[in-house]
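Q: Hi! Could you walk me through this model? I'd like to talk about domains and then a pocket.

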Amino acid sequence: MQSWPRPSVPFLSGQAPTLTLYDTADDRIKPVAVPEKPGAELGMYVCGITPYDSTHLGHAATYLTFDLVHRYLESSGVPVHYVQNITDVDDPLFERAERDGVDWRELGTDQINLFRSDMEELRVIPPRDYIGAMESIDEVIDMVQRLLDTGAAYQLSDEEYPDIYADHTFTEQFGYESRYDADTMAKFFAERGGDPERPGKKHPLDPLLWRAHRDGEPDWQSPFGAGRPGWHIECSAIAEQRLGTPFAIQGGGSDLRFPHHEFSAAHAEAATGQQRMAEHYVHTGMIGLNGTKMSKSLGNLVFVHKLTAAGHEPSAIRLGVYASHYREDRDWSDAVLAAAEKRLELWRQAWKTLDNREPSAEDSANLIHAVRSHVANDLDSPAALREVDAWAHRVLAGEASGVASDINEALDALLGVRLEG
């Protein structure tokens with residue numbers, strides 16, 4: 001699958017503070033381990049879209065968060081191997097296509113193309129490997145077979161639909177990623193795509209690995225019968241094939257904490273014998289609109305392409321998202337966007353005045369170090385933005401200066417914000 005054009009990310013000289021991120025599994029902020037071996041890369045996997053609707057601010061906030069991670073590492077000289085999937089075969093896609101009277105493949109293609117253009121507009125660094133579920137069928141089949149061979153999976157005796165399920169009790173560490181109790185797991189499993197009442201399962205919480213062929217659904221041949229992948233195994237197989245385990249960062253929205261990330265990790269761990277699929281499990285908060293949770297069912301989504309079509313700059317959208325901390329459930333509104341645009345204009349006014357005064361490399365270095373330090377501290381973007389605000393006010397008051405090119409490069413490298421109009 002083709003991704004989108006890559007923006008340039010300037011390299012920043014000087015000592016970069018160690019990046020720390022909150023790890024859901026360990027319930028603490030801890031350093032991200034940077035590979036020490038020459039030529040080694042840091043692996044990051046962020047779960048992608050199911051392409052049945054346009055990219056809304058909830059999607060964008062997640063990918064902009066991990067773009068902060070990606071930019072921080074690359075601008076510090078750390079090579080990153082970034083992988084993202086696309087769930088281009090799944091029930092929501094089929095249901096939306098049937099509702100709208102279109103072919104599910106055409107719907108998926110249209111929405112993937114729109115997602116690409118939105119990410120390009122926002123100047124998000126693309127994944128090196130951008131992999132659709134349909135592209136990973138052989139990898140999924142291989143992993144399902146390994147799970148069957150080790151006893152971590154079983155096939156139902158249902159003659160009509162012999163689906164394959166994972167035994168979620170196979171790995172002793174199951175539950176470590178989400179840290180949820182049994183009742184919470186059962187609640188979220190039922191709400192988020194699980195099938196606890198499926199007859200024949202060993203346990204209501206066991207997740208689907210391979211869905212046997214049903215009339216009207218696409219299918220692929222396998223040693224255990226025609227069918228298609230379950231949701232969680234798709235990410236396990238794609239990540240293991242391209243990054244190996246354990247890799248550094250598994251990312252996504254907080255709604256993926258369970259069941260998706262728990263089961264993705266469990267499948268990879270059962271197949272490989274590793275204790276952890278990832279060293280960090282990083283989750284972003286949900287985005288609301290004017291105080292109400294943003295969701296398709298409520299019809300209150302804010303779409304990226306509509307914001308940019310209305311003339312709102314990608315840099316301002318970034319500043320609106322970064323005004324709150326990534327782990328918080330936070331709100332989006334016209335007021336948030338207006339404040340972001342006002343902030344961007346303040347920065348640009350200060351930056352433009354630098355050409356008319358003596359440049360100060362010290363002021364530039366101090367600002368860049370401060371912004372870098374805040375981003376390194378579990379992506380504290382609100383503090384980073386306040387730091388630039390304070391600098392801009394000092395510049396406009398004639399109390400500070402800076403080297404215009406250095407500041408422009410640094411804010412682009414670290415935040416993806418462009419001061420050049």
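A: Happy to; we can take the domains and their contact, then turn to a pocket. Keep in mind that this is a predicted model.

Q: Sure. Which domains does the assignment give for the protein chain?
A: The assignment gives domain 1, spanning 20-284, and domain 2, spanning 335-415. Their centres, taken over C-alpha atoms, are 37 Å apart.

Q: And how many residues does each domain bring to the contact?
A: Domain 1 puts in 12 residues and domain 2 puts in 11 residues.

Q: What area do domain 1 and domain 2 bury between them?
A: About 1,100 Å², with 57% of it on carbon and sulfur atoms. On the domain 1 side, L68, R71 and Y72 provide 50% of the area buried against domain 2, which is more than any other three residues.

Q: How many salt bridges are there between domain 1 and domain 2?
A: The count is two. As for R71, this residue forms a salt bridge with D412, and their closest N and O atoms are 3.6 Å apart.

Q: Nice. Switching topic: how much space lies in the second largest pocket?
A: About 210 Å³. The pocket is lined by 13 residues, and those closest to its centre are L12, S13, A365, I368 and D406.

Q: Which helix gives the largest share of that lining?
A: That's α11, with six residues. Both α11 (361-376) and α13 (404-415) supply at least two lining residues each.

Q: What's the mix by class in that lining?
A: Five residues are nonpolar, five are polar and three are charged.

Notes:
Residues are numbered from 1 along each chain as its sequence is written. This is a predicted model: local features need pLDDT of at least 70, side-chain atom pairs count only at pLDDT 80 or more; totals for chains, interfaces and linings use all residues. Side-chain values use heavy atoms; hydrogens and water are left out. On a 1 Å grid over the protein atoms alone, a cavity is a set of points where a 1.4 Å probe fits but cannot get out, and a pocket is an open set with protein on both sides within 12 Å along at least five of seven lines; lining residues have an atom within 4 Å of a point. Grid points are joined across faces, edges and corners, and a volume is the space filled by probe spheres set on the points. Helices (H or I, at least four residues) and strands (E, at least two) are DSSP runs, numbered from the N terminus. Ala, Val, Leu, Ile, Met, Phe, Trp, Tyr, Cys and Pro count as nonpolar, Asp, Glu, Lys and Arg as charged, and the others, Gly among them, as polar. Domain bounds come from an automatic or database domain assignment. Contact means heavy atoms within 4.5 Å. Buried area is the accessible area (1.4 Å probe) that two parts lose on being put together, summed over both. A salt bridge is a side-chain nitrogen of Lys or Arg within 4 Å of a carboxyl oxygen of Asp or Glu.
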